[in-house]
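User: Please take a close look at one part of this structure, the place where two helices pack together. Explain it in plain terms for someone in a first year of study.

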Amino acid sequence: MMRADGISRKPGAGKMAKSAKTFTYWVDIVGACNLRCPSCPRGNFMPGDVIKESPPSGLMAFDLFKDIVRKIKRDGPSLNPQIHLYNWGEPLVHPEIGKFIRHVLDEGIYCGVSSNLNYDGTLRDVIQAGPDFFRVSLSGFYQENYGRTHTRGDIERVKRNMRKLRDYMTEFDKNIYVEVNYHIYRHNAGRDLEDMIAFCNDLRFNIGPVWAFFQPLEKNFDLIDGKLSEADRKLLDLYAIRPEEAMKLSMPYKDQDCPVRKWATVINYNGTVPLCCNTFDQNYIVADSFLDIDHEALQARKYAHSACKTCMDNAIHVYLAYGAGPVMDEVGNKVLRDIGNPLEVYQYATPHVVSREKGPLPILARTERELGQRKKIRGMRAFWWRIREMSRRAAGF
Ligand code: SF4
Ligand code: SF4
């Protein structure tokens with residue numbers, strides 16, 4: 001039976017049975033970022049934009065994290081949860097990040113990290129700990145373009161750290177799935193992209209182009225309400241696919257459930273829970289403590305939230321999850337063609353990049369599964385945990 005909160009369970013069943021479907025936890029172990037990207041609330045949230053209050057900043061305590069992982073295992077809905085150690089923060093700034101990663105892996109859970117890679121103080125420890133997934137997010141190969149959309153960042157430092165990342169993987173013999181997420185804007189999809197592809201091929205890292213989008217949710221609401229500031233309106237001129245256009249393309253899918261509500265939960269560094277990974281303001285906190293609310297009650301709160309209606313009525317939940325599909329490539333590439341960009345970018349199906357002069361550019365762009373790097377069970381503890389869960393399900397608990 002599917003309930004209004006998106007949780008399915010058998011009629012008359014007691015505690016919800018765990019399913020094999022992945023449920024993702026975005027645990028923001030650092031409530032701060034070293035950069036101020038203008039497409040992100042860390043860069044574009046001004047005091048006047050705050051509805052209630054800006055989130056506080058800080059580092060997650062390891063003891064709190066251990067309690068969170070314990071609770072995920074106890075009342076999470078999935079036999080295959082994933083824990084990613086970021087949301088609106090830069091996780092490498094946490095001095096104990098290696099310990100966090102080791103703990104997740106020791107508990108038999110998939111672990112992901114995403115970084116702007118401007119800071120390398122913990123990088124060696126992170127790679128030695130060996131998360132399953134490591135994403136590097138960037139938006140250029142040369143500082144002139146990178147610095148426009150990764151404000152305060154230094155792409156030369158990022159490139160040095162990408163080389164270190166590969167060296168540490170070799171040193172510690174770690175088979176980590178590394179994905180370089182290249183945010184496509186109108187100004188950075190030419191020589192910058194081509195040179196970053198060559199750089200990633202050289203390092204044997206996956207590079208996936210993604211159409212840049214406008215965050216957070218609150219700013220998209222302002223856009224709909226015609227309340228965007230002058231600075232934000234100027235920012236929209238950088239996008240190959242403007243958010244209004246992306247919402248329009250997403251409208252045919254607006255009645256779909258929201259994947260980040262149904263299949264994911266965000267936990268802030270202090271244990272509070274926001275509505276979803278797209279909200280920033282404290283107004284959207286749905287639970288003061290992840291530890292004190294069970295999974296079903298938390299899902300029920302999310303599903304009852306009034307912001308979801310506005311979001312879904314405008315198909316923002318589809319747009320921010322890249323749910324409109326290949327039509328986004330068509331529209332984005334038309335814009336790039338019109339401004340004389342030498343490359344065409346395809347984010348959907350098999351991601352690839354085509355040069356009008358040279359044809360398709362060699363690009364790894366293989367999924368983690370294709371590379372055989374997805375590991376479901378780690379160690380005996382995880383194995384016994386899953387056996388116990390299966391027995392519980394068989395016994396009807
Ligand atoms: S690096 Fe990431 S979290 Fe930090 S400001 Fe930029 S987009 Fe936001
Ligand atoms: S519908 Fe919108 S506001 Fe609600 S959880 Fe999804 S993305 Fe967030």
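Analyst: What follows describes one helix pair and then, briefly, some backbone details in loops elsewhere.

The model is predicted. The pair consists of helix H2, residues 62-75, and helix H3, residues 97-106. Their axes lie 11 Å apart, and the packing angle is about 20 degrees. Angles under 35 degrees count as roughly parallel, and H2 and H3 are therefore roughly parallel to each other. The crossing in which H2 passes H3 is right-handed.

The residues that meet can be named on each side. H2 contributes Phe62, Phe65, Lys66 and Val69. From H3 come Lys99, Phe100, His103 and Val104. Sorted by character, the residues of this contact are five nonpolar, one polar and two charged.

Away from the helix pair, the loops hold some backbone details. In the loop between strand E6 (206-211) and helix H8 (217-224) sits proline 216. The peptide bond that joins glutamine 215 to proline 216 is cis, with omega about -5 degrees.

Two other loop residues have a positive phi without being glycine. Aspartate 173, with phi near 55 degrees, belongs to the loop between helix H6 (155-171) and strand E5 (177-184). Its relative accessible area is 69%, so aspartate 173 is exposed. Arginine 204, with phi of about 60 degrees, is found in the loop between helix H7 (191-203) and E6. Arginine 204 is exposed too, with a relative accessible area of 56%; the cut-off for exposed is over 50%.

Technical notes:
Residues numbered from 1 in each chain as written. Chains lettered and ligands numbered in written order. Predicted model: local features only at pLDDT ≥ 70, side-chain atom pairs only at ≥ 80, totals over all residues. Heavy atoms only, no water. Axes fitted to C-alpha atoms, helices over the stretch in contact; angles between N-to-C directions. Helix = DSSP H or I, 4+ residues; strand = E, 2+ residues; numbered from the N terminus. Parallel < 35°, antiparallel > 145°, perpendicular 65-115°, else oblique. Left-handed = near helix turned anticlockwise from the far one by under 90°. Contact = heavy atoms within 4.5 Å. Nonpolar A, V, L, I, M, F, W, Y, C, P; charged D, E, K, R; others polar. Buried < 20%, exposed > 50% of the residue type's maximum accessible area, 1.4 Å probe, protein only.
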